[in-house]
Amino acid sequence: MTSRIPRDSRLRLVRPRPLAAAPRAMNQRRSRRPAPRPPEGTPAPAELARMARSGLAGAARVAHWADAALRPGRDSASPDGKGTLSDATAELAAEDLGLTPAQVRADWDTARLAGLVEVHGDEARPGWRLRAWDRDDSAVLRGWVALFDAWSLAHPEPREHEPSAVAEVVSAMPQVLSFLQLSAGPVPVEQLLDLLEQRVTELRTERCEIPYGPQPEPVQQTPAADAPLDPLLDWALHALASVGALTYGDAQATLTPLGSWAVWVKLEQICVAAQSPAGNIEQSAEDMLRGCSQLRPNAARAEYRAWLAARTVGSAVGELIDAARGEDALLRGLAFEALRVVGAPAEPDVRAAVDEATLRPYALLWLAEHDGIDPEDAHEVLTREEATWMWVDTAAAVADHGEAPLLVRHLESAIQPTVPMLLDEVRAVGHPRTVQVLVALAAAHPDPALAKAVRRAAFQVHTGGS
């Protein structure tokens with residue numbers, strides 16, 4: 001969960017690679033190893049999913065309401081363009097659901113952080129996880145883990161706290177959570193505070209904020225260094241309790257089964273992934289692509305060819321385009337990989353897809369490669385905004401279906417030369433998954449300074465600030 005390796009904390013990217021290679025990152029799997037077993041006593045995935053559904057029931061209820069009410073043409077129901085609900089919309093939802101407007105806003109916020117709702121400008125849409133909510137336990141667990149990663153956004157800190165101290169506590173909490181997970185039982189808050197203080201001291205030392213050796217004059221401490229950490233630990237534990245990761249009371253904290261499982265997942269750097277379904281040839285395009293998502297590129301192309309051979313070209317291409325229009329970014333990239341196998345017969349449909357904002361970058365790359373441009377150079381047909389939008393879309397696929405180190409390596413495919421430039425342009429393109437992507441990247445990245453900058457950007461996008 002933490003790294004002791006000295007690092008250059010300046011925010012910069014490694015040498016960028018062509019963005020055309022980014023969608024292929026999902027197929028760059030490491031050699032398989034036996035799946036590690038969770039700690040003894042961990043509930044089965046189905047039971048964990050039941051717990052997650054229970055904890056997110058309010059968010060799912062508001063998301064289902066949004067699916068019905070927040071559609072184009074409904075004049076009385078639209079967010080304010082920042083992802084928050086307007087007063088009129090919150091009151092309408094409260095009346096329909098028998099809740100207070102404050103409860104509706106809280107559940108709406110949770111639904112967004114868990115990926116159940118996506119906001120496109122002034123239009124809200126159900127996320128792909130909501131579509132799979134009742135049938136796919138892994139989608140439910142991924143949604144809960146997304147909320148777990150965003151605990152500091154789900155329960156914002158009191159304004160009186162120094163922002164730099166808050167950032168230090170957020171960076172230090174993974175070690176606190178690891179200790180809770182290893183303890184497998186209640187831990188006194190006093191013990192957690194000692195551990196938090198030690199970790200924050202380590203973070204400050206890594207940034208060379210604490211001088212070594214005798215000093216001729218007293219060193220002026222920063223406000224963050226002077227601030228006591230016990231109120232911030234109290235906030236962090238309440239925030240983690242609010243998302244269902246732990247219970248907090250009587251001066252002690254205990255991880256819930258979901259929280260313990262999630263911390264174990266982070267420690268093992270694995271993801272919960274659905275098993276590839278058997279009989280891909282007989283499946284719909286969406287199910288076939290999902291079934292091929294765990295295959296290596298050559299094996300996946302063989303599956304695509306077999307699936308295409310069992311259908312007319314027109315119907316197959318139409319199904320693949322429809323699958324690409326869905327909410328799951330991974331399927332979008334895989335659909336266009338399958339369309340590359342189709343070749344020339346798919347050109348008219350792909351050319352028509354250029355007019356659809358969600359599909360445009362993928363379609364332009366497909367057409368460039370179809371016209372003979374080297375795949376390594378095809379990304380040059382994209383504008384900077386289109387390339388950035390596709391980077392976020394691919395990052396969403398990695399966050400949903402890949403391992404944490406793969407998300408960190410995805411930074412290499414960005415066209416921006418520095419992280420600050422990347423964050424500015426990511427915020428500007430307005431991809432609906434921006435907050436989730438930034439939160440996941442901050443949770444995965446080992447560099448505290450970079451993670452802090454990414455978390456700040458996620459918070460600004462989440463609140464509509466600058």
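This report describes a buried helix, a pair of crossing helices and a small group of paired strands in a predicted model.

## Helix α6

Helix α6 covers residues 137–149, a run of 13 residues. At 1.5 Å a residue, this helix should span 18 Å, and its end C-alpha atoms are indeed 18 Å apart, so the expected and computed values agree.

Most of α6 is covered, with 12 of its 13 residues buried. Among the buried residues are Val140, Leu141, Trp144, Leu147 and Phe148. The buried set also includes Arg142 and Asp149.

## Helices α3 and α4

Helix α3 (residues 87–97) and helix α4 (residues 101–113) have axes that come within 8 Å and cross at roughly 100°. Angles of 65 to 115 degrees count as roughly perpendicular, and therefore α3 is roughly perpendicular to α4.

On the α3 side, the contact is made by Asp87, Ala90, Glu91, Ala93 and Ala94, while α4 contributes Pro101, Val104 and Arg105. By class, this contact has 5 nonpolar and 3 charged residues, with no polar ones.

## The sheet and its helices

An open sheet contains 3 strands in the order β3-β5-β4, with antiparallel pairing. Strands β3 (187–188) and β4 (246–249) are the edge strands, each pairing on one side only. Strand β5 (residues 252–255) is joined to β3 by 2 bridges, and Ala253 of β5 is the bridge partner of Val187.

Helix α8 (residues 163–183) packs on the sheet and touches β3, β4 and β5; its direction makes about 75° with that of β5. Helix α11 (residues 230–242) lies across β4 and β5, and runs at about 135° to β4.

Technical notes:
Residues numbered from 1 in each chain as written. Predicted model: local features only at pLDDT ≥ 70, side-chain atom pairs only at ≥ 80, totals over all residues. Heavy atoms only, no water. Helix = DSSP H or I, 4+ residues; strand = E, 2+ residues; numbered from the N terminus. Expected span 1.5 Å × (residues − 1). Buried < 20%, exposed > 50% of the residue type's maximum accessible area, 1.4 Å probe, protein only. Axes fitted to C-alpha atoms, helices over the stretch in contact; angles between N-to-C directions. Parallel < 35°, antiparallel > 145°, perpendicular 65-115°, else oblique. Contact = heavy atoms within 4.5 Å. Nonpolar A, V, L, I, M, F, W, Y, C, P; charged D, E, K, R; others polar. Pairing = 2+ DSSP bridges.
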